[in-house]
Amino acid sequence: MNNQPHSAPADTMLLNHPHLPCNAEMLSATRRHFFERCAVGLGSISLATLASRNATADPIQAVNPLQPKPTHHPARATNVIYLFMAGGPSQLDLFEHKPLLTELNGKPIPESYTAGKRFAFMDSSHRNNLLASKRRFRQHGQSGTWLSDLLPHTAGIVDDITVVTTCKTDLFNHAPAKFFMNTGSGLFGRPSMGAWITYGLGSECDDLPGFVVLQSGPRGPRGGAVLWGSGVLPTTYQGVPLRSQGDPIVNLSTPLGITSEQQRQVIDAVTALNRHRLNTTGDPEIATRINAAEMAFRMQSSAPELMDTSGETRETLELYGIQDPQEASFARNCLLARRLVERGVRFVQLYDTNWDHHGGATENLEKHLPEKARDIDQPCAALVRDLQQRGLLENTIVIWGGEFGRTPMGEVRESTGRNHHIDAFTMWFAGGGFHGGQTFGRTDDFGFGAVENPVHVRDIHATLLHQLGINHERLTFRSQGLDFRLTGVLPARVVNEIVS
Amino acid sequence: MKAKQLIFSLLLLTASLPAAEPVSFNRDVRPILSENCFACHGFDPKHREAGLRLDTFDGATANRDGVRGIVPGNPAESAIWERIRSTDPDTVMPPPKSHRNPLTPAQQEILRRWIEEGATYEPHWSFLPPKRNASISPDPQLAQSSPIDIAIERRAKQQGLALSPPAPPETLIRRISLDLTGLPPTVEEVEAFTAASLTDPDGACRELVDRLLLSPHYGERWGRWWLDQARYADSNGYSIDAPRQIWKYRDWVVSALNADMPFDQFTIEQLAGDLLPNATEGQKVATGFHRNTQINQEGGIDREQFRIDSVFDRVGTTGTVWLGLTVGCAQCHDHKFDPIQQREYYQLFAFLNDQDEPTLKVFDPGVNVTELTREFRELEGRLAAWMEQHAAALADWEATLTAETRKSLSAAINNALDVPIEKRGFAQKRTLFAGSIGGVGPFRELNDRYNELDVILNQGTTTLVLQERSTPRTTTVFVNGDFTRPAETVTPGTPSALHPLHKTSARPNRLDLARWIVSPQNPLTARVIVNRVWQQYFGRGIVETENDFGSQGTLPTHPELLDWLAIEFIERGWSLKELHRLILNSRTYRQSSVITKDHIEKDPDNYLLCRQRRLRLDAEIVRDVALAASGLLSNKLGGPPVYPPVPPGSLNVGQVRRVWAESTGQDRYRRGLYTFIYRASPPPSLTVFDAPEGFSSCTRRIRSNTPLQALTLLNDVAFFEFASALEKIIRSQGLEVAFRRCTSRNPQPEELELLRQLDPLTAARTLLNLDETVTRE
């Protein structure tokens with residue numbers, strides 16, 4: 001799985017190359033094909049016949065960079081749904097029950113915790129006083145997993161998820177921290193996790209991209225398209241955003257006034273002429289382009305089909321808490337995530353923005369955190385349930401988390417909030433071999449740092465790849481004289497304690 | 001890549017290394033050691049295992065408790081020979097935990113012979129100065145043969161291959177036009193060229209190359225090549241990604257290339273133009289090269305952290321762009337493969353740490369800034385004096401004001417009135433005089449002129465530049481590259497493994513660094529640049545790893561050719577246009593790109609260059625070709641970036657919703673070079689064709705081939721607009737003309753027959769979607 005040359009191997013060219021012994025025969029076959037398909041086919045081929053057309057043997061084989069690839073070791077999971085809570089959700093108001101924090105509310109945190117630490121907003125509104133959570137905490141399920149009253153639906157799936165309370169990252173500003181979580185580096189322009197995984201495993205889906213991104217919340221995530229970029233990897237592997245308004249994929253719709261018949265004609269004519277050029281030049285890139293155009297055409301029908309949830313039952317919609325199936329929401333995105341995985345899409349990432357609860361007028365713990373929690377709690381739980389009911393959870397890893405967590409110390413602006421915190425925060429994992437009903441790692445009395453089993457972002461990456469059958473040290477891409485990899489050069493370990 | 005490299009070196013070996021020929025350290029041995037051994041037994045002492053280093057003769061032959069890694073002349077007594085052949089997982093090298101495969105028998109054999117022959121080390125090839133190799137000098141008898149062709153043909157012949165025949169004239173003119181200007185030839189140009197080629201194909205090509213090198217579009221095409229490396233874009237990056245003004249730098253690059261500014265000067269002005277004596281405005285604008293770093297405007301950040309990040313970027317970019325070295329690797333530790341210590345990294349850092357980052361006001365040509373500034377200052381003095389003299393009159397006027405009369409005065413005047421007299425600034429005083437007793441007469445005259453000059457001098461276009469600080473910052477090593485962990489203090493300096501730095505003062509500055517980079521003693525820069533130019537023409541450099549000429553990079557496929565080009569480049573006054581001429585006038589460049597059975601069998605990846613290569617056009621040029629073919633292209637050069645149509649909503653991917661005021665008139669149809677690029681949300685039709693976003697230096701674009709490209713060509717609003725224009729051409733001038741505008745060749749009868757069955761719009765869309773239209777063949 002080292003850096004593969006992206007030109008076609010010679011054998012694919014032999015099939016259609018004019019200079020080979022079979023030259024004359026091939027050429028005439030192609031020419032016949034050329035006229036049959038074009039002269040006769042034009043105008044008569046409709047969308048409905050697409051499937052049968054594709055079933056016929058095609059004389060041209062192109063290299064598909066997304067074709068499924070073998071794993072390093074047997075995989076426990078084949079797909080990933082990553083629920084990214086952009087902004088940094090407060091683990092201390094959602095997962096971490098800390099009675100001492102409540103007891104010492106308003107008192108300064110002992111200096112031993114903060115000595116030598118750096119925080120965002122150090123100069124301005126950072127305060128050293130502890131802030132108790134206003135939430136009520138309770139244990140749930142057979143596992144007795146602690147959750148706050150903001151996650152009543154999540155309470156119903158605790159026995160199917162692993163809660164890791166000791167996640168740790170290196171960077172405390174939003175955009176760099178998001179890059180770090182997604183790419184293993186705080187720098188712009190490194191390949192994202194979804195790109196790495198699609199590069200490593202290929203895609204099982206031939207009419208949708210291998211890596212799809214869905215967004216909800218009042219704005220896009222900080223860092224933008226870089227978060228799902230392919231960096232040094234070919235753009236084939238970059239995430240494709242599916243949009244809730246307008247075309248689900250940029251430029252998906254046929255231009256206004258163009259019939260699907262005319263669109264098909266363009267594809268057929270381009271294919272025929274490209275095929276002709278392929279025979280003249282012998283350049284396998286043309287074969288790849290022919291295939292790409294066919295997939296583009298298939299996407300024109302498969303993506304709208306994907307987005308059309310009218311076939312979903314009332315029970316399913318209710319499970320996710322979807323009121324209006326047309327309305328864009330995190331809940332709808334969760335449902336779409338399931339539909340994508342059903343169709344073989346390798347990596348689905350959902351971004352939900354506005355989890356940055358510093359305590360300002362529009363971002364406080366009293367009002368806005370509960371609103372965000374309400375937006376996501378039911379759909380997240382529904383997604384895990386739904387995948388489970390359909391037998392998809394076994395092979396699908398569901399990840400929940402943000403780019404970092406929030407401080408035990410309060411920030412008092414117009415109302416109360418918490419600052420960015422990188423030493424310990426909570427994420428949860430379900431499916432794909434992750435244990436159910438486990439809480440892993442232990443933090444100190446204030447939830448400031450790990451006292452047991454810290455799990456660094458790199459460890460999360462290594463573990464995730466491991467479950468997908470990839471050795472994180474072997475998934476590499478050579479660029480600038482270096483073997484790039486998701487986990488970088490610093491130590492990373494597979495957290496065997498939370499997976500099987 | 002590893003496999004390819006191996007195949008290639010084996011291929012060379014079997015052909016050119018008979019058993020009697022000695023093993024070459026750089027060609028045969030170093031790649032094996034670098035790939036398999038240096039990570040743990042190399043330059044970086046912190047990660048050196050068992051105290052053994054294999055990157056130097058002394059290290060490899062040192063006696064460590066009776067064990068010697070290499071005993072020259074005696075493989076049997078050399079520890080490495082035993083270890084690489086071991087089958088015991090505990091002793092075999094490289095060890096299984098490195099995930100490297102055991103050495104192949106062929107690799108083992110090379111090492112054995114090398115040890116037997118005395119284990120001679122050589123400095124890494126790229127650190128040795130380029131030298132002329134007589135074997136590729138042209139035979140005076142054959143007027144037309146160029147060292148390029150001699151070098152390529154000789155290697156090809158060893159593999160039983162020969163150069164392909166020349167491409168047909170219509171392919172050639174399209175190739176040369178796209179390569180030099182990024183625009184296709186017109187139908188008339190193709191006809192004239194084809195006719196001229198009938199009698200004198202070589203002359204026709206030479207004339208074409210000469211003509212196109214004088215085209216202003218040459219600078220646009222090659223400007224983009226350089227802007228990729230300069231990581232140019234029009235916004236600040238990170239999460240806020242606000243727009244910035246730095247297009248004057250882009251225009252500077254384009255005109256410098258059009259003027260064929262010698263590359264050494266081109267380098268010096270960009271790295272240190274502000275430090276040149278009597279620096280011109282252009283020389284200051286040029287320092288925008290290193291202002292193309294991102295600026296984090298997020299709340300709550302430590303500005304120093306991100307300033308240092310931008311200096312890291314500058315050090316890394318300088319290393320990549322000019323030295324072809326992965327200098328950035330030494331940010332956190334000594335380089336594992338190349339001789340760059342972490343300390344030396346911070347000495348380079350020190351050169352780039354002593355600047356302020358101001359915004360420079362840029363004037364239209366024709367504005368005499370010195371004269372106007374003098375006049376402005378003088379006016380300032382005269383106005384101050386006048387106001388001083390008439391202070392009492394103003395006070396009298398003020399005394400007449402009532403709350404009622406003040407209502408009729410402007411807000412600016414009222415604001416100024418509210419300021420106590422002794423605290424009023426120059427501007428406030430002017431406002432008051434202009435609105436009262438100075439409204440007519442000499443004050444009015446002076447003041448109007450003052451305002452006029454203020455607009456010319458102090459408002460309008462700006463650009464980002466570097467400016468040396470009067471007091472340098474203290475630079476230290478940062479432990480693990482972490483700016484919160486400063487260690488020893490360092491002063492500016494260059495890596496000791498390279499040529500010496502010529503200092504002009506006790507503390508060398510950026511200008512010294514720039515001159516060091518383009519010193520003729522520098523073995524790297526000329527090679528790196530000619531290689532990157534070559535890469536544009538053949539899709540791959542003579543050194544495939546165009547940004548790594550260090551020991552982890554690939555070896556040159558034609559080392560003597562690379563050296564010849566580098567030497568010629570310097571001797572021809574660092575002229576890029578001369579370099580283009582050398583390459584474009586070679587038979588190697590002009591070959592057909594058709595792939596034959598022989599090629600597939602003997603050189604499927606075209607390392608031997610026995611054919612040209614079909615290359616999908618760069619993103620901007622995909623647009624430019626469609627614009628040109630549909631007759632919409634605006635030929636306007638330079639100026640502020642423009643906002644052509646983009647798919648609705650496609651820019652709202654980041655934190656900030658973007659305003660995209662769609663351009664009208666000819667700005668709608670400008671070349672892709674001029675499209676405004678937001679780093680965090682660049683226009684989809686460019687990124688989908690692999691245009692870089694300007695996050696970091698891009699020295700080679702990837703060429704992907706994806707369904708999203710097909711969707712763009714089919715459905716994008718801009719491309720549909722082009723298709724509609726091409727439809728009109730089909731209706732007025734016929735299909736054949738439209739076909740030729742897209743591909744530069746005549747359609748074949750069956751192609752035309754097929755297109756005739758389509759309605760004109762469908763035919764136009766088909767033509768713009770052809771692989772051939774977006775490919776240079």
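So, to kick things off: how many bridges join β8(A) to strand β11 of chain A, and do they run parallel or antiparallel? Three bridges, and the two strands run antiparallel. Before I go on, keep in mind that this is a predicted model.

Okay, let's stay with β8 of chain A for a bit. That strand covers residues 396-401, and it's mostly covered: six of its six residues are buried. In general, side chains in a regular strand alternate between the two faces of the sheet. Here, A:T396, A:V398 and A:W400 point one way, while A:I397, A:I399 and A:G401 point the other way, and all of them are buried.

Now for the neighbours. You've already heard about β11(A), residues 425-430. If you want a spot to click on there, A:W400 stands opposite A:W428 in β11(A). Then there's β1 of chain A, residues 79-85, which pairs with β8(A) in the parallel sense over six bridges. For that pairing, look at A:N79, whose bridge partner in β8(A) is A:T396.

Right, on to the contact between the chains. We have 74 residues of chain B in contact with 70 residues of chain A. On the chain B side, the elements giving two or more residues are α1 (2-16), α28 (597-602), α31 (707-715), α34 (749-756) and α35 (760-769). Which of those gives the largest share? That's α31(B), with eight residues. And if you sort that side of chain B by class, you get 24 nonpolar, 32 polar and 18 charged residues.

Last bit: some backbone geometry you may want to look at yourselves. The peptide bond from B:M93 to B:P94 is cis, with omega near -5°. B:P94 sits in the loop between α5 (79-85) and α6 (105-116) of chain B.

Then we've got two positive phi values outside glycine. One is A:N354, with phi near 90°, in the loop between β7 (347-352) and α13 (368-389) of chain A. Is that residue buried or partly exposed? A:N354 has 19 C-beta neighbours inside 10 Å, so it counts as partly exposed; buried would take 20 or more.

The other one is B:D65, with a phi of about 50°. You'll find B:D65 in the loop between β1 (63-64) and β2 (67-68) of chain B. That residue has 6 other C-beta atoms within 10 Å, so B:D65 is exposed.

Okay, that's my tour. Over to you folks.

Key. Residues are numbered from 1 along each chain as its sequence is written. Chains are lettered from A and ligands numbered from 1 in the order in which they are written. This is a predicted model: local features need pLDDT of at least 70, side-chain atom pairs count only at pLDDT 80 or more; totals for chains, interfaces and linings use all residues. Two residues are in contact if their C-beta atoms, placed from the backbone, lie within 7 Å. Helices (H or I, at least four residues) and strands (E, at least two) are DSSP runs, numbered from the N terminus. Ala, Val, Leu, Ile, Met, Phe, Trp, Tyr, Cys and Pro count as nonpolar, Asp, Glu, Lys and Arg as charged, and the others, Gly among them, as polar. A residue is buried if 20 or more other C-beta atoms lie within 10 Å of its own, exposed if 12 or fewer, and partly exposed in between; C-beta atoms are placed from the backbone. Two strands pair if DSSP finds at least two bridges between them.
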